[in-house]
Amino acid sequence: MNAPDRCEGCGRAIAGGAAACRAEFDAVCAADYGGAVPYPLHRLTVDAYALQHPDAFMVSGKSYAAHLVGTLAWFEHGGRADVQRALRSWLDGARELERPRPPDDRGVLTLADVIAAGDGDAHAEALARWARSAWNAYAPQHALAQRWLAAALAARRERC
Ligand SMILES: [Zn+2]
């Protein structure tokens with residue numbers, strides 16, 4: 001049997017397929033922790049990667065919501081810690097969320113574009129472009145993500 005040459009999650013061409021793509025993601029995460037990448041940018045990396053690999057990272061309705069709404073929260077609130085906290089505590093609550101079906105097309109940019117961009121500002125800009133591309137692929141679920149985010153923020157206000 002030949003080794004896969006395409007990641008079945010994000011669709012990028014890579015020798016070794018999904019496993020090789022995942023290994024590169026793990027390496028990027030390790031570099032995030034070891035370097036000067038701010039935590040919100042690391043979060044966005046995880047969310048964008050999850051959107052493109054939903055079968056591994058968005059298995060439950062809650063994990064689906066976490067990454068979909070996490071990405072939306074980044075675009076609307078710039079990775080604000082209080083918004084992320086509100087989302088987390090909303091997801092920690094006792095609620096059932098139905099898992100939507102992920103789109104077949106996951107966006108034109110992949111982790112490969114982020115790795116190719118280099119470090120520093122170029123990394124941050126490539127990361128934002130990649131996340132936007134992955135988010136756009138979920139266009140049919142943007143309204144759902146907006147509703148989930150609104151519910152999370154409303155739940156936070158009730159607790160105050
Ligand atoms: Zn991949």
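**Notebook: zinc site and two pockets**

I began with the second largest pocket and asked which element lines most of it: α3 gives the largest share of the lining, four residues. The model I am reading is a predicted one.

I then looked up the volume of this second largest pocket and noted about 160 Å³ of space. Its lining runs through Cys7, Glu8, Gly9, Ala18, Arg22, Tyr49, His53, Pro54, Asp55, Ala56, Phe57 and Arg106. Two elements, α1 and α3, each give two or more residues to that lining. By class, I have the lining down as six nonpolar, two polar and four charged residues.

Cys7 and His53 stand in that list, and both names turned up again when I went to the metal. Which atoms hold the zinc ion? I found SG of Cys7, SG of Cys10, SG of Cys21 and NE2 of His53, at 2.0 to 2.3 Å. I checked the geometry next. The angles subtended by the four donor atoms around the zinc ion are 104 to 116°, so the arrangement is tetrahedral; the range allowed for that label is 85 to 135 degrees.

For the order along the chain, I wrote the donor spacing as C-x2-C-x10-C-x31-H. Cys7 and His53 link distant parts of the chain, 46 residues apart. I placed Cys7 in the segment before α1 (17-34), and His53 in the loop between α2 (39-52) and α3 (54-57).

Are these two donors buried or exposed? I read a relative accessible area of 1% for Cys7, which is therefore buried. His53 has 7% and is also buried. The cut-off I applied for buried is under 20%.

Last, I turned to the largest pocket, where I noted about 250 Å³ of space. It is lined by 15 residues, and the closest to its centre are Val37, Gly118, Asp119, Gly120 and His123. I looked up which elements give two or more residues to this lining, and they are α1, α6 (111-117) and α7 (120-137). The largest share, four residues, comes from α7. I sorted the lining by class as well: nine residues are nonpolar, three polar and three charged.

One cross-entry to close: α1 gives two or more residues to the lining of the largest pocket, and α1 does so for the second largest pocket too.

Methods. Residues are numbered from 1 along each chain as its sequence is written. This is a predicted model: local features need pLDDT of at least 70, side-chain atom pairs count only at pLDDT 80 or more; totals for chains, interfaces and linings use all residues. Side-chain values use heavy atoms; hydrogens and water are left out. Donors are N, O and S atoms within 2.8 Å of the metal (3.2 Å for Na, K and Ca); water is not among the atoms, so sites may look incomplete. Four donors count as tetrahedral if all angles lie between 85 and 135 degrees; four count as square planar and six as octahedral if opposite donors are over 155 degrees apart and all others between 65 and 115; anything else is irregular. Buried means under 20% relative accessible area, exposed over 50%, partly exposed in between (1.4 Å probe, protein chains only). On a 1 Å grid over the protein atoms alone, a cavity is a set of points where a 1.4 Å probe fits but cannot get out, and a pocket is an open set with protein on both sides within 12 Å along at least five of seven lines; lining residues have an atom within 4 Å of a point. Grid points are joined across faces, edges and corners, and a volume is the space filled by probe spheres set on the points. Ala, Val, Leu, Ile, Met, Phe, Trp, Tyr, Cys and Pro count as nonpolar, Asp, Glu, Lys and Arg as charged, and the others, Gly among them, as polar.
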